[in-house]
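New page in the notebook. I'm going to look up a few things here and jot down what I find as I go.

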Amino acid sequence: MKTSANIRAGQLEIFARFLEEHPGFSPLLQGEDAVVFGFQTGHCVLTLGEMERLVGAEPHFDAEQVALLLSAAGRRG
């Protein structure tokens, strides 16, 4: 049996900011009330729980990656 999960107000704000920064993710809606039951990017579908873990994850870069990112950002501006 499928169970549904509710999005808390705090989660909704965090998800909205994430989706604004990552436009390739689309919410998947279900039913007349358009309940969000997951998110899709390309052919990959993420549940609310998976999306919550993704959004809450801290980015992990090594020192070399950080240096490359910062130098690229400096050249753009």
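**Entry 1: a pair in H1.** I started in helix H1, residues 9-21, where glutamate 13 and arginine 17 both sit, four residues apart, which is about one turn of the helix. I looked up what links them: a salt bridge, with the closest N and O atoms 3.2 Å apart. I then checked how many salt bridges the structure holds, and the count is one. Are the two partners buried or exposed? Neither, really: glutamate 13 counts as partly exposed at 49% relative accessibility, and arginine 17 is partly exposed too, at 46%.

**Entry 2: a note of caution.** I have to remember that this is a predicted model. I looked up the confidence: the chain averages a pLDDT of 77, and 82% of the residues score at least 70. Where is confidence lowest, and where is it highest? The low spot is helix H3 (residues 63-76), with a mean of 70, while strand E3 (residues 44-46) comes out on top at 88. Note to self: where pLDDT is low, the predicted coordinates should not be read in detail.

**Entry 3: the whole chain.** I stepped back and found three helices and three strands. Reading from the N terminus, I get the order α-β-β-β-α-α. The chain has 77 residues, and 16% of them count as buried. I also noted the accessible surface, about 6500 Å², with 57% of it belonging to carbon and sulfur atoms.

**Entry 4: back to H1.** I looked up its length: H1 has 13 residues and reaches 19 Å from first C-alpha to last, close to the 18 Å expected. Which residues of H1 are buried? I wrote down Gln11, Phe15, Phe18 and Leu19. They cover an arc of only 95° around the axis, so they lie on the same side of H1. I checked what this buried set packs against, and got E2 and helix H2 (48-56). On the face turned away from the buried side I found the exposed residues Ala9, Glu20 and Glu21.

**Entry 5: an odd one.** Alanine 34 caught my eye: its phi is positive, about 50°, although this residue is not a glycine. Where does alanine 34 sit? I found it in the loop between strand E1 (26-30) and strand E2 (35-41). Its relative accessible area is 38%, so I logged alanine 34 as partly exposed.

Technical notes. Residues are numbered from 1 along each chain as its sequence is written. This is a predicted model: local features need pLDDT of at least 70, side-chain atom pairs count only at pLDDT 80 or more; totals for chains, interfaces and linings use all residues. Side-chain values use heavy atoms; hydrogens and water are left out. A salt bridge is a side-chain nitrogen of Lys or Arg within 4 Å of a carboxyl oxygen of Asp or Glu. Helices (H or I, at least four residues) and strands (E, at least two) are DSSP runs, numbered from the N terminus. Buried means under 20% relative accessible area, exposed over 50%, partly exposed in between (1.4 Å probe, protein chains only). pLDDT is the predictor's confidence in each residue, from 0 to 100. The expected span of a helix is 1.5 Å times one less than its number of residues. The arc is that of the directions from the helix axis to the C-beta atoms. Contact means heavy atoms within 4.5 Å. Accessible areas come from the Shrake-Rupley method with a 1.4 Å probe; for residues, only the protein chains shown count as cover.
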